[in-house]
Every structure is written in C-alpha cells, then in structure tokens.
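Work through the exercises below with the sequence and the model open. Try each task before reading its solution.

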Amino acid sequence: MVLFGALLASSLAWDISDTFNGLMMIPNLIGVIALSGLVCKINKNYLDCQKGLDVAPILSVFPEENKE
C-alpha cells in the first residue's frame, strides 16, 4: 500500500485515505447505537447516586455480578 500510495497523485491518495477513514465510522456508529440504552441506564443510576437517592450502584452489565 505504501508503494501504491507513493505512485498515486497526491490528491487521489488523500481522497482514498479520507474515504477509508470515513468508512471506519460505520462500525463505531453501530457500536454507539447498540450501547446507547445501557449508557443511559448507567448514567441515570450514577446521577441518582450523586443526588443521594437510595439506589444500588450498577457495578457490572451482568445483573448477577451486581448482587455481590
């Protein structure tokens, strides 16, 4: 790839680089969307603990590990 990039015109090499960097966004967005519900739940639990409400903190994603 280095040799291929060195032989290309600089604008084409940058365009290809930008395209593949942009494509890396797709799996990251899938992960963010898939985990957004869990993040909201953990964030609400944290804020409730900070307010002094009597809630058990979420220590793990797995409910059986939170009981320890």
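**Exercise 1. Confidence**

Task: In this predicted model, find which helix has the lowest confidence and which has the highest.

Solution:
- Start with the low end. Helix α1, residues 2-7, has the lowest confidence, at a mean pLDDT of 77.
- Go to the high end. Helix α3, residues 25-50, has the highest, at 93.
- Set these beside the chain. Its mean pLDDT is 87, and 99% of its residues reach 70 or more.

**Exercise 2. The course of α3**

Task: Locate the bend in α3 and give its angle. Then inspect the backbone at G52.

Solution:
- Follow α3 to S36. The helix bends there by about 45°.
- Carry on past the end of α3. Just after the helix, G52 takes a positive phi of about 90°.

**Exercise 3. A nonpolar patch**

Task: List the residues of the nonpolar surface patch, and state which helix gives the most to it.

Solution:
- Collect the members. They are F20, L23, M25, I26, L29, I30 and I33.
- Take their area. Together they have about 720 Å² of accessible area.
- Assign them to helices. α2 (10-23) and α3 each supply at least two residues. α3 gives the most, with five.
- Test one member. I33 lies in α3. Its relative accessible area is 62%. The cut-off for exposed is over 50%, so I33 counts as exposed.

**Exercise 4. A salt bridge in α3**

Task: Identify the partner of K44 in a salt bridge, and decide whether each of K44 and D48 is buried or exposed.

Solution:
- Count first. The model has one salt bridge.
- Name the pair. K44 bridges to D48, with the closest N and O atoms 3.0 Å apart.
- Check the spacing. K44 and D48 are four residues apart in helix α3, so about one helical turn separates them.
- Classify K44. Its relative accessibility is 53%, so K44 is exposed.
- Classify D48. Its relative accessible area is 12%. Buried means under 20%, so D48 is buried.

**Exercise 5. P57 and its contacts**

Task: Place P57 in the chain, and find which residues beyond four places in sequence are in contact with it.

Solution:
- Place the residue. P57 sits in the loop between α3 and α4 (63-66).
- List the contacts. Beyond four places in sequence, P57 is in contact with N45 and C49.
- Take the backbone distance. The C-alpha atoms of P57 and N45 are 6.5 Å apart, with the two residues 12 apart along the chain.
- Classify P57. Its relative accessible area is 45%, so P57 is partly exposed.

Terms used: Residues are numbered from 1 along each chain as its sequence is written. This is a predicted model: local features need pLDDT of at least 70, side-chain atom pairs count only at pLDDT 80 or more; totals for chains, interfaces and linings use all residues. Side-chain values use heavy atoms; hydrogens and water are left out. pLDDT is the predictor's confidence in each residue, from 0 to 100. The bend at a residue is the angle between axes fitted to the seven residues ending there and the seven starting there. Patches are made of residues with over 30% relative accessible area and no salt bridge: like charges are joined within 9 Å, nonpolar side chains (Val, Leu, Ile, Met, Phe, Trp, Tyr) within 5 Å. Accessible areas come from the Shrake-Rupley method with a 1.4 Å probe; for residues, only the protein chains shown count as cover. A salt bridge is a side-chain nitrogen of Lys or Arg within 4 Å of a carboxyl oxygen of Asp or Glu. Buried means under 20% relative accessible area, exposed over 50%, partly exposed in between (1.4 Å probe, protein chains only). Contact means heavy atoms within 4.5 Å.
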